[in-house]
Amino acid sequence: MSTRVSSSSPKGGYVNQVFFFIVFAKWVKDALIQFETALGLDPNPLEAQAALYNKACCHAYRGEGKKAADCLQTALREYNLKFGTILNDPDLASFRALPEFKELQEEARLGGEDIGYGFRRDLKLISEVQAPFRGVRRFFYVAFSAAAGISLFFTIPRIFRAIKGGDDAPDLWETAGNAAINIGGIIVLVALFLWDNKKEEEQLAQISRDETLSRLPLRLSTNRVVELVQLRDTVRPVILAGEKEAVSLAIQTAERFRTDLLRRGVLLVPVIWGQGMAPQVEKKGFGVPRKAADALPSIGEDFEKRAQSITTRSKLKAEIRFKAEVVSPAEWERWIRDQQKSEGVTPGEDVYIILRLDGRVRRSGKGMPDWQQILQELPPLEAILSKLER
């Protein structure tokens with residue numbers, strides 16, 4: 001007679017979990033062979049895209065970031081894969097925590113070799129909404145530079161005539177002054193144009209970081225896993241990143257102002273440096289735990305509509321408490337370090353980051369926050385200023 005360990009017992013649950021991981025790892029290895037075979041059978045573009053994408057998911061599960069990036073790069077460049085799919089898919093959560101993803105995202109943001117044309121176009125559309133007069137300014141920069149250039153073109157021969165002298169020669173100092181004004185104007189206008197371009201690239205990089213931030217997963221007090229975008233218009237997350245002692249002390253201090261902070265929609269999100277490096281058995285699988293994958297959107301799902309669902313929002317409000325736990329800590333750490341670099345802060349320092357109700361960064365600072373100052377700064381959720389923030 002064969003014995004059977006009950007899956008309801010702790011031992012049985014652990015054995016089943018280990019068995020699942022062994023079987024799943026073998027399935028991933030077999031799947032990689034099948035996808036490689038499919039790519040050698042002259043597939044049509046849609047089939048090739050699917051094979052490369054799923055092959056990348058398998059490599060991500062195995063921790064093979066370079067191979068996953070190569071598959072995704074080929075799918076983006078040759079088979080019109082949308083970069084937003086990579087950002088949204090929970091199966092690639094582990095890959096998004098790797099340096100290879102950052103390189104791929106940067107290439108997509110810059111529109112390199114056509115892999116990120118659609119992604120960069122979407123970023124530019126958002127940028128134009130946030131800075132609607134940038135195009136007008138650039139038009140005037142180009143127009144006035146062209147006018148100054150044409151004027152300078154006709155002024156230079158006059159300078160030579162003034163130097164030669166003669167009865168009909170123009171005044172040298174007056175002509176030289178006009179040329180100097182034109183040259184100075186061109187220099188200033190070109191500098192303004194380049195400065196505006198630099199600001200746009202910085203804005204695109206920030207929008208890209210905001211998009212990455214919106215897809216980071218959290219576990220609520222009810223153990224439900226959601227992405228940050230699902231909490232928009234509902235809470236103001238305050239990210240506390242640093243050493244365990246500093247973060248714990250900041251949370252203890254915040255407890256004294258709990259009621260007032262909750263009225264302002266504050267949700268504490270502690271991120272402990274190095275937490276993403278610790279082995280976490282329950283988080284194996286395709287990037288996130290099975291429960292997390294069930295709570296996150298899948299490929300092709302209209303996630304924005306789901307995030308706007310009144311029913312979903314009402315349930316989330318009931319589940320949100322004062323503090324949430326980060327899922328995929330390595331992804332959170334990578335985003336925070338990128339944000340620190342963009343603000344000139346040494347990566348790895350203790351920092352806090354306050355988000356707006358619309359999910360964008362409100363402000364940040366070194367060390368841990370002054371909660372009394374935050375209470376004065378943030379209006380209650382029912383206030384008019386909070387409604388304007390949504």
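Phenylalanine 140 counts as partly exposed, because its relative accessibility is 39%. The model in which this residue is described is a predicted one.

**Aromatic pairs**

Phenylalanine 139 has a relative accessibility of 56% and therefore counts as exposed. Ring pairs join Phe139 and Phe140 with Phe144 in a cluster.

In total, the structure contains four aromatic pairs. One of them is formed by phenylalanine 95 and phenylalanine 101, whose ring centres lie 5.9 Å apart; the planes stand at 80 degrees, so the pair is edge-to-face. Phenylalanine 139 and phenylalanine 140 also make an edge-to-face pair, with 5.6 Å from centre to centre and 70 degrees between the planes. An angle over 60 degrees is what places a pair in the edge-to-face class.

Where do the members of the pair between phenylalanine 95 and phenylalanine 101 lie, buried or exposed? Phenylalanine 95 counts as buried because its relative accessibility is 0%. Phenylalanine 101, at 0% relative accessibility, likewise counts as buried. The cut-off for this class is a relative accessible area under 20%.

**Arginines over aromatic rings**

Two arginine side chains are placed over ring faces, as the table sets out.

| Arginine | Ring beneath | Distance to ring centre |
|---|---|---|
| Arginine 138 | Phenylalanine 193 | 5.9 Å |
| Arginine 337 | Tryptophan 273 | 4.5 Å |

Arginine 138 thus has a phenylalanine as its partner, whereas the partner of arginine 337 is a tryptophan.

Technical notes: Residues are numbered from 1 along each chain as its sequence is written. Side-chain values use heavy atoms; hydrogens and water are left out. Rings of Phe, Tyr and Trp (its six-membered ring) pair if their centres lie within 6.5 Å; planes under 30 degrees apart count as stacked, over 60 as edge-to-face and the rest as tilted. Buried means under 20% relative accessible area, exposed over 50%, partly exposed in between (1.4 Å probe, protein chains only). A charge sits over a ring if NZ of Lys or CZ of Arg is within 6 Å of the ring centre and within 35 degrees of the ring normal.
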